[in-house]
Amino acid sequence: MSSGATHSDLLSDLFLPAAGEAATAAMGNPWKVLLVDDEQDVHAVLHLALQDVVIDGRPLLLLDALSAQEARTVLVAHPDVALILLDVVMESDRAGLDLVRHVRDDLGNRSVQIVLITGQPGYAPQREVVIGYEIDGYRLKSELSADRICVSVYSAIRTHRLIRAQEALQEELHQKVKVLDDTLRALRESEDNLIRAQSVAHVGSWTYDLAKDEMHLSMETCRIYGLAGGSVGSYATYLARVVPEDRQSLVAAWQCALDKGGAFEHEHRVRVGKSIRQVRVNADVLRDADGRPVRGLGTTQDISERKQVEGELRRSNAELEQFSYAISHDLRQPLRMISSYLQLLGISLGDGLDAECREYFGFAIDGAKRLDRMLVALLEYSRVGRLGEPPTWVDSRAILDEALLFLQPAIAEAEATVKVHGTWPRVLVRPDEMLRLIQNLIGNAAKFRVAGRTPVITIASRVSASDWSLSVADNGVGIHHGQVGRLFQMFQRLQSRAIYEGSGVGLALCRKIVEHHGGRIWVESSGEGEGSRFCVVLPLAEGGV
């Protein structure tokens with residue numbers, strides 16, 4: 001501030017900066033105009049000329065600085081100043097011009113409008129200033145009038161508004177470009193991941209435009225068919241690759257999907273160079289508003305390896321069946337001969353054998369018979385899922401009654417009480433396997449009883465929304481907690497063979513039957529002598545109950 005300047009008390013009272021600031025701030029969201037001059041009279045005149053100005057519905061908030069240094073402080077507090085009315089000669093001859101450099105270069109502010117108002121043009125020649133500095137207007141104090149001040153302010157504020165709008169648009173555009181870049185980057189990453197996933201799974205994708213007869217293939221689909229990446233095919237070119245024996249069924253399946261709707265699915269062979277590959281093709285047919293098919297979206301899976309494995313599995317199963325036949329015939333026949341000749345030998349020796357030799361003969365004969373029973377059990381185990389009846393709808397209670405009929409002699413011998421509870425649904429199962437499962441569980445409950453205790457066998461059935469639960473509980477010998485893990489394994493016996501007969505395959509056979517039907521089996525027991533409860537849960541096929 002110039003120390004030699006004098007002002008009237010009236011002007012000092014009328015144009016105090018704080019009072020003007022409070023008045024305009026009350027109107028809300030004003031345009032901020034910074035008045036930078038070391039003469040109080042200039043501030044007074046500018047306040048008087050601009051006090052009632054409203055631009056685009058917004059008043060002016062006039063901020064005052066009496067030096068360039070003070071203006072720097074105001075700009076820090078008010079970085080959103082729209083216009084600076086700036087004197088040149090203040091604390092130095094070029095103080096105003098230095099402030100222009102600070103605003104444009106140091107603060108990087110290009111939107112604020114700067115209008116020079118100088119009373120000493122010799123220190124800031126108009127030509128030099130306009131060329132060398134980023135200013136937006138040049139006025140001499142001697143030329144100022146209320147109209148010229150208002151015109152300059154209106155013009156500068158509206159220019160500021162347009163620049164700010166342009167900056168906002170540029171920022172919005174920058175953000176949209178950034179979002180687009182991020183989206184494209186994510187899309188490329190997703191496409192790369194899809195290509196890698198398709199390569200790992202040997203599954204490619206494709207689209208078929210029916211109107212254009214164009215089939216666009218993914219990279220993996222091209223690899224499966226031995227084509228260059230980006231290849232475009234047609235319906236006829238694809239059929240030409242299909243092995244002739246498979247074309248008719250493929251055409252019929254595709255035409256059915258076009259005519260009747262629904263998903264398209266087909267397995268066929270295609271020629272790739274000199275080799276033949278097996279493929280599985282799935283597709284959805286998209287239709288227009290009138291229901292006409294317009295596009296197919298599908299996948300192609302290379303199942304050549306799977307088909308090869310299936311062929312090997314069929315050969316392995318055939319070998320297993322031969323092995324099973326060998327067990328049932330070739331191995332059991334010598335065992336029966338050994339058992340028979342031992343018995344004949346024992347009879348022929350007659351009284352010539354002492355008690356110890358008779359016992360040895362008994363051990364040998366019993367061992368041959370036991371081995372024969374184990375071979376029969378192993379044969380039954382190997383047949384689960386391979387031989388026997390196909391799945392069919394049966395009444396589960398009828399299977400239970402048939403099992404109880406077969407087990408009637410064992411139940412009568414044990415003097416057991418059998419209780420049947422619950423709802424017995426119609427189920428889709430292999431009847432011979434389900435009969436064997438129920439028969440084994442009830443037979444074990446009757447067999448593994450406690451001497452002197454009347455056996456009680458409780459058979460319960462329960463149906464839920466999607467499962468059939470079956471349980472067989474008894475009050476027999478129970479199971480030690482540490483032995484539960486061995487219970488469903490092959491040839492594992494928890495009880496002495498001298499007390500309880502058996503091959504040790506029955507529960508393993510039950511487990512395999514249950515798993516073959518997509519279910520699970522487990523046992524519950526409080527311990528030895530506390531009885532057992534065998535639980536089976538099987539999925540209930542739609543249409544049961």
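Which residues of strand 1 cover one side, and which the other, and are they buried or exposed? In this predicted model, Trp31, Val33 and Leu35 sit on one side and Lys32, Leu34 and Val36 on the other, and all of them are buried. The close-ups below start from that strand and then move along the chain.

**View 1. Strand 1, covered on both faces.** Strand 1 spans residues 31-36, and six of its six residues are buried, so the strand is largely enclosed by the rest of the structure. As a reminder, side chains in a regular strand alternate between the two faces of the sheet. Here, that puts Trp31, Val33 and Leu35 on one side, with Lys32, Leu34 and Val36 on the other.

**View 2. The neighbours of strand 1 are strand 3 and strand 4.** Strand 1 runs parallel to strand 3 (residues 58-65), and six bridges join the two. Look for leucine 34 opposite leucine 63 of strand 3, and for leucine 35 opposite aspartate 64 of that strand. Strand 4 (residues 83-86) is also parallel to strand 1, joined to it by four bridges. Leucine 35 turns up again in this pairing, standing opposite leucine 85 in strand 4.

**View 3. The mixed sheet around strand 1, with its helices.** Zoom out a bit and you get an open sheet of six strands, ordered 2-3-1-4-5-6, with mixed pairing. Its edges are strand 2 (54-55) and strand 6 (137-140), each of which pairs on one side only. Helix 3 (residues 40-50) packs on the sheet and touches strand 1, strand 3 and strand 4. The direction of helix 3 makes about 175 degrees with that of strand 3. Helix 4 (residues 68-77) also packs on the sheet, touching strand 1, strand 3 and strand 4; its direction makes about 135 degrees with that of strand 3.

**View 4. An antiparallel sheet of six strands.** This open sheet has the order 9-8-7-12-11-10. Strand 9 (232-233) and strand 10 (264-272) are the edge strands, and each pairs on one side only. At the strand 10 end, nine bridges tie strand 10 to strand 11 (residues 275-287) in the antiparallel sense. Phenylalanine 264 is the residue to click on here, with alanine 283 of strand 11 opposite.

**View 5. Strand 7, between strand 8 and strand 12.** On one side, strand 7 pairs with strand 12 through seven bridges, antiparallel. Tryptophan 206 stands opposite glycine 298 in strand 12. The pairing of strand 7 with strand 8 (residues 214-217) is antiparallel too, over four bridges, and tyrosine 208 has methionine 215 of strand 8 as its bridge partner. Strand 7 and strand 8 form a hairpin with four residues between the strands. If you like checking backbone torsions, go to aspartate 213 in this hairpin: its phi is positive, near 55 degrees.

**View 6. Helix 10 across the antiparallel sheet, with aspartate 246.** Helix 10 (residues 244-260) lies across strand 7 (203-209), strand 10, strand 11 and strand 12 (293-302). Helix 10 runs at about 145 degrees to strand 10. Aspartate 246 is part of this helix. Why does aspartate 246 count as buried? Its relative accessibility is 13%, and the cut-off for buried is under 20%. Leaving aside residues up to four places away in sequence, aspartate 246 touches His266, His268 and Arg269.

**View 7. A nonpolar patch on the surface.** Met337, Tyr341, Leu344 and Ile347 make up this patch, and together they have about 460 Å² of accessible area. One of them, isoleucine 347, lies in helix 11 (residues 304-349). Isoleucine 347 counts as exposed because its relative accessibility is 65%, against a cut-off of over 50%.

**View 8. Isoleucine 411, a buried residue of helix 14.** Helix 14 covers residues 408-414 and includes isoleucine 411. With a relative accessible area of 8%, isoleucine 411 is buried. Its contacts, not counting residues up to four places away in sequence, are Leu404, Ala416 and Val418. There's also glycine 443 to find in this view: it is 32 residues from isoleucine 411 along the chain, and the C-alpha atoms of the two are separated by 8.0 Å.

Note on methods:
Residues are numbered from 1 along each chain as its sequence is written. This is a predicted model: local features need pLDDT of at least 70, side-chain atom pairs count only at pLDDT 80 or more; totals for chains, interfaces and linings use all residues. Side-chain values use heavy atoms; hydrogens and water are left out. Two strands pair if DSSP finds at least two bridges between them. Contact means heavy atoms within 4.5 Å. Axes are lines fitted to C-alpha atoms, for helices over the stretch in contact, and angles run from 0 to 180 degrees between N-to-C directions. Patches are made of residues with over 30% relative accessible area and no salt bridge: like charges are joined within 9 Å, nonpolar side chains (Val, Leu, Ile, Met, Phe, Trp, Tyr) within 5 Å. Accessible areas come from the Shrake-Rupley method with a 1.4 Å probe; for residues, only the protein chains shown count as cover. A salt bridge is a side-chain nitrogen of Lys or Arg within 4 Å of a carboxyl oxygen of Asp or Glu. Buried means under 20% relative accessible area, exposed over 50%, partly exposed in between (1.4 Å probe, protein chains only).
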